[in-house]
Amino acid sequence: MFERLRRSLALRLASLYTLVFALAAALLFAVLYWVLANALEAREKAAVEQLAGRLSRVYEEGGALALRGEINSNTAPEVRSFFVRVVTASNETVFVSVPPDWLQTQVLSIPIPGSGGLEAMRQISTVRVPLNALKDYAVASAQLPDGGVLQVGRSTDSRAVLLQPFRLAFAWVGAAALAISIVAGTILAWRATRPIRLLSDTARRIIETGDLSARVASPGGSDELALLVRQFNALLERNAAHVQVLRNTLDSLAHDLRTPLTRLRGTAELALADGQDPSEAKEALAHCVDETDGLLHVIETLLDISAAEGGALKLHTRPVDMRSLAEKAAELYKEVAEEKAIVVELRLPVPAVAEADPVRLGQAVNNLLDNALKYTPSGGRVVLSAESDPHGVSLVVEDNGPGVPAAEREAIFRRLYRGDQSRSQRGLGLGLSLVKAVAEAHGGTVTVADAALGGARFTLRLPAIGVPKTGAA
């Protein structure tokens, strides 16, 4: 428990908050104290300078007697607290008035000669400026016309009356505020970092138990932590979906590869059987080669899809007209279409040029046409058309087959996915996955919708030459 608290982000945030608060409060106090002290000093300085100016005028008009009369006639305590001295140009003191607290009185015993041991008591007063850490001193001088100087000074108790209570008040209030900030900061930081602890606990539970269904309780609000929790949950959802797809893929791959591998093994055993006719053995081995080529094609297709999805598929691009790819695909699948009496119509009125790899893009077009012929009934119709606009070019393949249900239109582009309608058809469900991977590798898209012929309408769209490829992986 102690170790967890020591590593707690909330505790570190609270400590940092308290430190920042203490530094800010100390800085604020220092600034206020400096401003107040300077204001008091300026006020005392102004009072002393004002009195020095007034007394210098009195001295100029009537000399030391007038100056003494002015001081003695003013009974105000603040005037009596001033030290006043007049020093001539020859450094001779002609007048001095000392506040009572600046005088230190001493009584001396002086023997009286010839008195038989009698002593006389004598009182001596000495001017001493009181030294006190709580007192301030303000001094001002005024130049006299005769070359002398009038000096005025006063000790004040501003530190004791104002500044010392201010320091004490700040110490008590600051200590209380610091304690409150520690408690409040810890509570607030603990509550604020709760989503992070929930994220950590959920991640640890998934690691320890492998339970991909674990989710973080979504907090309310729209701050950064709430957004982080929602994105983390979305990431978990996507990862869980990917894991499920991977499991389904492995199941489908194991199921769909079992048949060709079984045929391959059976054919090889037949070729190895004793007494086998050499021509039949040779034919069996040729069949093994064909099956092996098919399996290699499946593996290569899977590798191409993975490379395209990871952005590692090498493309050798150049300007390519979609019309030529459509014509080559129609020629390639001419015999397949004739066997099913399917009419393949080309609608290629205008050039549709894109920057693309002709080999990879040709694979995508071939797969779209192969998919259309596969699901179009005998005597049906397939239309290949090319479209062009300032933003991009499109190759559209339409058929009058059963179409694609709306619920499966996203899933059909996943690897090895085979819908209910495709279970009776040959293939492993990689053709459309490759089309999607190639399209996205070129910065394009592939979509499926209902066709005007009644079946499915697949649209392969690529950016026009010079248009940024925003869809690239």
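Does Phe-29 count as buried or exposed, and at what relative accessibility? At 17% relative accessibility, Phe-29 counts as buried, because buried means under 20% relative accessible area, with exposed over 50% and partly exposed in between (1.4 Å probe, protein chains only). The legends below describe a predicted model, in which local features need pLDDT of at least 70 and side-chain atom pairs count only at pLDDT 80 or more, while totals for chains, interfaces and linings use all residues. Residues are numbered from 1 along each chain as its sequence is written, and side-chain values use heavy atoms, with hydrogens and water left out.

**View 1. Phe-29 and Tyr-33 sit together in helix α2.**
Helix α2 covers residues 9-73, and these two residues are four apart in it, about one turn of the helix. Helices (H or I, at least four residues) and strands (E, at least two) are DSSP runs, numbered from the N terminus. Like Phe-29, Tyr-33 counts as buried, at 18% relative accessibility. The structure holds three aromatic pairs. The ring centres of Phe-29 and Tyr-33 are 5.7 Å apart and their planes meet at 40°, so this pair is tilted. Here, rings of Phe, Tyr and Trp (its six-membered ring) pair if their centres lie within 6.5 Å; planes under 30 degrees apart count as stacked, over 60 as edge-to-face and the rest as tilted. Ring pairs also bring in Phe-170, giving a cluster of Phe-29, Tyr-33 and Phe-170.

**View 2. Phe-413 and Phe-458 form an edge-to-face pair.**
Their centres are 6.3 Å apart, with 80° between the planes. Phe-413 lies in the loop between β11 and α11 (431-441), and Phe-458 in strand β13, so the pair ties together parts that are 45 residues apart in sequence. Phe-413 counts as buried at 8% relative accessibility, and Phe-458 counts as buried at 3%.

**View 3. Five strands build an open sheet.**
Follow the order β8-β10-β11-β13-β12, and you will meet mixed pairing. The edge strands, β8 (343-347) and β12 (445-450), each pair on one side only. Two strands pair if DSSP finds at least two bridges between them. Direction ignored, neighbouring strands are turned by 15° against each other on average. β12 pairs with β13 (residues 456-463) in the antiparallel sense over six bridges, and Val-446 stands opposite Leu-460 in β13.

**View 4. Helices α8 and α10 meet the strands.**
Helix α8 (residues 322-332) packs on the sheet and touches β8, β10 (381-389), β11 (392-399) and β13. The direction of α8 makes about 170° with that of β8. Helix α10 (residues 358-375) lies across β8, β10, β11 and β13, and runs at about 170° to β13. Axes are lines fitted to C-alpha atoms, for helices over the stretch in contact, and angles run from 0 to 180 degrees between N-to-C directions.

**View 5. Helices α10 and α11 cross.**
Their axes come within 9 Å and cross at roughly 145°. Among the residues making the contact (heavy atoms within 4.5 Å) are Leu-361, Ala-364 and Leu-368 of α10 and Leu-432, Val-435 and Val-438 of α11.

**View 6. Thr-376 lies in the loop between α10 and β10.**
Thr-376 is buried, with a relative accessible area of 1%. The side chain of Thr-376 reaches the backbone oxygen of Ala-372 at 2.5 Å. Leaving aside neighbours within four places in sequence, the contacts of Thr-376 include Lys-340, Ile-342, Arg-381 and Asp-399.

Note on methods
A polar contact is a pair of N or O atoms within 3.5 Å; within protein, one must be able to donate a hydrogen and the other to accept it, and residues adjacent in sequence count only if both atoms are side-chain atoms.
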